[in-house]
Structures are given as structure tokens and as C-alpha cells.
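Visitor: I would like to know how the words used for a protein model are justified. Could you take me through this one?

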Amino acid sequence: MRITVTVDGTSYTDDVEPRTLLVHYLREQLGKTGTVIGCDTSNCGACTVHFNGQSVKSCSVLAVQADGADVTTIEGLAKDGQLHPVQQAFHDNHALQCGYCTPGMIMQSVDLLKENPDPSEEAVRHGLEGNLCRCTGYQNIVRAVQDAAGKMRGSAEQPADAPAEAGAQS
């Protein structure tokens, strides 16, 4: 079947077997190897990508289902040489561990923070429960997500806070 998919801002048209999983299409046909295969059973979340803006486990989606869709992989998060705030927070908080689960954890975290920009530790743990870290580095991952949340809120709140602070001083 012929499909057309936008991946990380670039449109691709390819022939795929109807049974091809999205994760295999991304890795083998497009070379997006940052999306890793952990289990092929949708249990681990290592292959998480954004599909039309929502996180999905790409081993649970057929490539033909992505026809006409917009997919973002871990390679598509950084812009103009700058890491996404969640990527930077994972680096800053030593949340990378062995790195195998990291792409899926980051993609799920970005989606989580879009839905809840100020998550509690419990909310982060609940939001990431479909992604497994075999190094059991969850504490640093949770810390990184909360760090990213604070920095993302801070940059979003900066302009709104500036006039209030100026008004408070006069």
C-alpha cells in the first residue's frame, strides 16, 4: 500500500506492506533509529512517538494507519540545534540511565506536560506508568519531568509576571 506521512516536518510517500508496524517503518524505511524497539508488544513504551500530537506506542500502530498523519519522533523534538526542554532536563537530572527507554520516556513526558503543565510527583509517575525503565531510574526521570515543567512554565509565565512585578514596586 502507498502511504504519505509527515515525519518530523518532512513528507514521505512510500510503499509498505499492510502488516508493517509504524516503528519498523520509521526505523527501517526512514532511518529514524531514535525510536527504539523494546518489546514489540506495547508493554515497554520505548517506541513512543507523537501521532497527530498525541503519544502512541508505535509498535501498536500499523504504518498504513499513519497515512495522512503527522508523526514526531525523538529526532524531531530539538529545534535549531536546541534540545527540547524535556530533553535538556533529562540530561541535567541524570535521567538518561542506559538510554534505551529515554526516547519513549521523553516523548511521553512531553505529552504529559502538554496535558498537565504542573504535575505532582504522583501525576508524573501515573503519566509515565506505561513506559518501563529497566535500570529502575524512575526517581531521576520524575525529577527531570518536574524540572522541565518548571522551566517550561517559567518561560511561559515570564511575560505575564513582568508587569505584575513592575506594578508591585511602584
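Guide: Happily; here are some terms, each set against its definition. Please keep in mind that this is a predicted model.

Visitor: What makes up the protein chain, and in which order do the elements run?
Guide: The protein chain has 5 helices and 5 strands. From the N terminus on, the order is β-β-α-β-β-β-α-α-α-α.

Visitor: Why are the 22 residues that include Val86 and Phe90 called a nonpolar core?
Guide: A nonpolar core needs buried residues of kinds such as Val, Phe, Met and Ile, joined through side-chain atoms within 4.5 Å. The largest such set has 22 residues, and Val86, Phe90, Met105, Ile106, Ile141 and Val145 have the most contacts inside it. These residues therefore count as buried, with under 20% relative accessible area.

Visitor: Which helices supply at least two residues each of this core?
Guide: They are helix H2 (85–92), helix H3 (102–115) and helix H5 (138–169).

Visitor: What makes Leu112 a contact of Val145?
Guide: Contact means heavy atoms within 4.5 Å, so Val145 and Leu112 have heavy atoms within that cut-off. Val145 also touches Phe90, Ser109, Leu113, Val124 and Leu128, leaving aside residues up to four places away in sequence.

Visitor: Which residues are among those of the other core?
Guide: That core, which lies apart, has 15 residues, including Ile3, Leu26, Leu30 and Ala63.

Visitor: How many of the 170 residues, as a percentage, are buried?
Guide: Buried residues are 40% of the protein chain. The chain exposes about 8900 Å², with carbon and sulfur atoms supplying 49% of that area.

Notes. Residues numbered from 1 in each chain as written. Predicted model: local features only at pLDDT ≥ 70, side-chain atom pairs only at ≥ 80, totals over all residues. Heavy atoms only, no water. Helix = DSSP H or I, 4+ residues; strand = E, 2+ residues; numbered from the N terminus. Buried < 20%, exposed > 50% of the residue type's maximum accessible area, 1.4 Å probe, protein only. Areas by Shrake-Rupley, 256 points an atom, 1.4 Å probe, with all protein chains shown as cover.
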